[in-house]
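Student: I would like to go through this model step by step, with the reasoning laid out before each result.
Tutor: Then let us look at the structure and take the questions in turn.

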Amino acid sequence: MADPRELMERYVDGDARAFRELYALVAPRLLGYLMKMAKSRALADDLLQQTFLKVHRARAAYVRGADPMPWIYAIAHRTFIDEVRKKKRAVVGVADGDEVPEVAAGLTGEADGARDEPADPELTKAALEALEDLPTGQREAVVLTKLDGKSVAEAAEIAGTTVGAMKVRAHRGYEALRKLLGAKKPPPQEARRE
Amino acid sequence: MSDADADLIRALAGASAAKPPALSPALEAELARLQPVKTRRPLRQIATLAGISGVYAAGLVAMFTVRGDLHELPMPWLLAAGIAWLLGFVIPCYLALVPRAGSVTPRWRWAAASAVVASIGFVVLGLFVHPSGPHSHTLGWEHFPRGHSCLELGVASALVPVIFGAVFLRGALPVGSRWVAAALGAGGGCLGGLVLHLHCPVTDAPHVGLVHGGVVLVSALLAAALVPRATDKPLS
């Protein structure tokens with residue numbers, strides 16, 4: 001797999017193909033993050049485009065040899081926050097049938113075991129609904145640390161907070177998610193058949 | 001990790017695997033005219049900032065004259081305070097501009113801590129340590145407001161490092177920009193404090209502590225309020 005550092009260096013040297021490779025490498029992960037934050041595929045697509053446009057316009061701020069991923073994620077985080085503030089509303093609800101899950105392959109960086117076997121669609125739906133109910137900060141902490149596989153320090157850098165605060169948000173968010181899921185989880189197949 | 005946790009994470013991770021859209025027309029248009037750019041070189045930037053700011057500060061001291069009681073003051077205090085002001089300038093500016101190895105964004109948490117320490121530290125230091133000589137002046141609380149010219153000179157001294165820092169950091173601060181700006185302001189304020197240390201002969205505690213030290217706090221607050229508008233511009 002291509003190294004984001006190498007791609008970024010070629011890109012700032014004027015290689016447009018390197019940018020496309022970087023987009024192909026980073027965009028699926030970033031879209032997953034933005035979808036869970038924005039709770040709407042259309043808004044997440046728009047935020048993704050805005051994020052890469054900002055990366056492009058700020059590319060001179062890149063420091064050669066540095067890992068561009070936390071910086072790109074931080075720009076995505078900031079883009080999302082700006083959008084929320086601009087629209088004066090925290091979230092856009094996921095309507096029934098809104099196509100959140102799409103292609104279940106090709107992602108990197110998920111949590112261990114995330115791809116071992118297909119997820120139960122009912123559980124996925126319930127989990128997404130529970131995730132939506134979390135406050136923005138906790139939702140972001142869960143998405144970054146539990147799903148995107150980021151370390152707490154990386155997640156804190158992306159969200160612009162301290163490591164301690166990120167740890168607390170991730171823990172509280174995950175606990176709240178489990179509780180919410182307990183309340184929303186559909187009954188087992190056998191029970192429903194009866 | 002329990003089975004239930006693994007199921008939960010698997011369920012959420014499965015929903016995140018979406019195919020990204022094609023590049024937007026705006027981005028395609030930008031890519032069509034892509035040119036190589038000079039990337040940020042933090043060490044060179046801090047050296048440039050320190051050099052230009054040093055020349056500017058020396059020019060201000062020369063223009064406004066060196067304090068008349070300079071030779072009467074205890075040399076160890078004069079030197080130690082001068083070095084403290086200088087470090088107060090360099091350290092926050094360094095933390096605001098230079099990221100840790102392998103990172104793009106500056107160390108904003110450390111920069112924030114340096115801004116807070118400098119803003120409080122120099123006020124406290126000035127209130128408690130302020131030796132004087134026979135030709136030193138005293139304003140006291142009665143004439144305390146007359147010290148505003150020192151505040152103005154100190155903040156004016158902070159302008160150059162803050163402006164250069166803001167230009168250097170454009171686009172590099174998606175998060176923590178206010179704290180980094182505060183560090184730049186505090187660093188610039190310390191440069192102002194150094195200029196006042198060499199220029200102003202007033203040595204009473206309220207003036208040295210609250211005005212000379214206060215320059216750091218005022219510059220940090222002003223920079224935190226204004227600089228993010230410039231540093232965030234490429235991202236909006």
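Student: In which helix of chain B is H207(B) found?
Tutor: This is a predicted model, and the assignment rests on the helices of chain B as counted from the N terminus. The residue H207(B) falls within the run 205-212, and that run is helix α8.

Student: Is H207(B) buried or exposed?
Tutor: A residue counts as buried when its relative accessible area is under 20%. For H207(B) the relative accessible area is 2%, and therefore H207(B) is buried.

Student: Which residues does H207(B) touch, if those up to four places away in sequence are not counted?
Tutor: With contact taken as heavy atoms within 4.5 Å, the list includes two cysteines, C150(B) and C200(B), and one histidine, H212(B). Taken in full, the residues that H207(B) touches are L139(B), F144(B), G147(B), C150(B), C200(B), V202(B) and H212(B).

Student: How far apart in space are H207(B) and V123(B), C-alpha to C-alpha?
Tutor: In sequence, H207(B) and V123(B) are separated by 84 residues. In space, the C-alpha to C-alpha separation of H207(B) and V123(B) is 9.8 Å.

Student: Why does C150(B) form no disulfide with C200(B)?
Tutor: A disulfide requires two cysteine sulfur atoms within 2.5 Å. C150(B) is itself buried, at 9% relative accessibility. The closest cysteine sulfur to that of C150(B) belongs to C200(B), and it is too far for a bond because the separation is 3.5 Å.

Student: And how many disulfides does a search of the whole structure find?
Tutor: C190(B), buried with a relative accessible area of 0%, has its closest cysteine sulfur in C93(B), at 8.5 Å, which is too far for a bond. Over all chains, the number of disulfides found is zero.

Student: How many helices and how many strands does chain B have?
Tutor: Read from the N terminus on, the elements of chain B run α-α-α-α-α-α-α-α-α. The count for chain B is therefore nine helices and zero strands.

Student: What radius of gyration does chain B have, set against a compact globule of 236 residues?
Tutor: The C-alpha atoms of chain B fill a box of roughly 80 × 50 × 30 Å along the principal axes, and buried residues make up 55% of the chain. A compact globule of 236 residues would have a radius of gyration near 18 Å, whereas the value for chain B is 23 Å.

How values were computed. Residues are numbered from 1 along each chain as its sequence is written. Chains are lettered from A and ligands numbered from 1 in the order in which they are written. This is a predicted model: local features need pLDDT of at least 70, side-chain atom pairs count only at pLDDT 80 or more; totals for chains, interfaces and linings use all residues. Side-chain values use heavy atoms; hydrogens and water are left out. Buried means under 20% relative accessible area, exposed over 50%, partly exposed in between (1.4 Å probe, protein chains only). Helices (H or I, at least four residues) and strands (E, at least two) are DSSP runs, numbered from the N terminus. The radius of gyration is taken over C-alpha atoms; the globule rule is 2.2 Å times the number of residues to the power 0.38.
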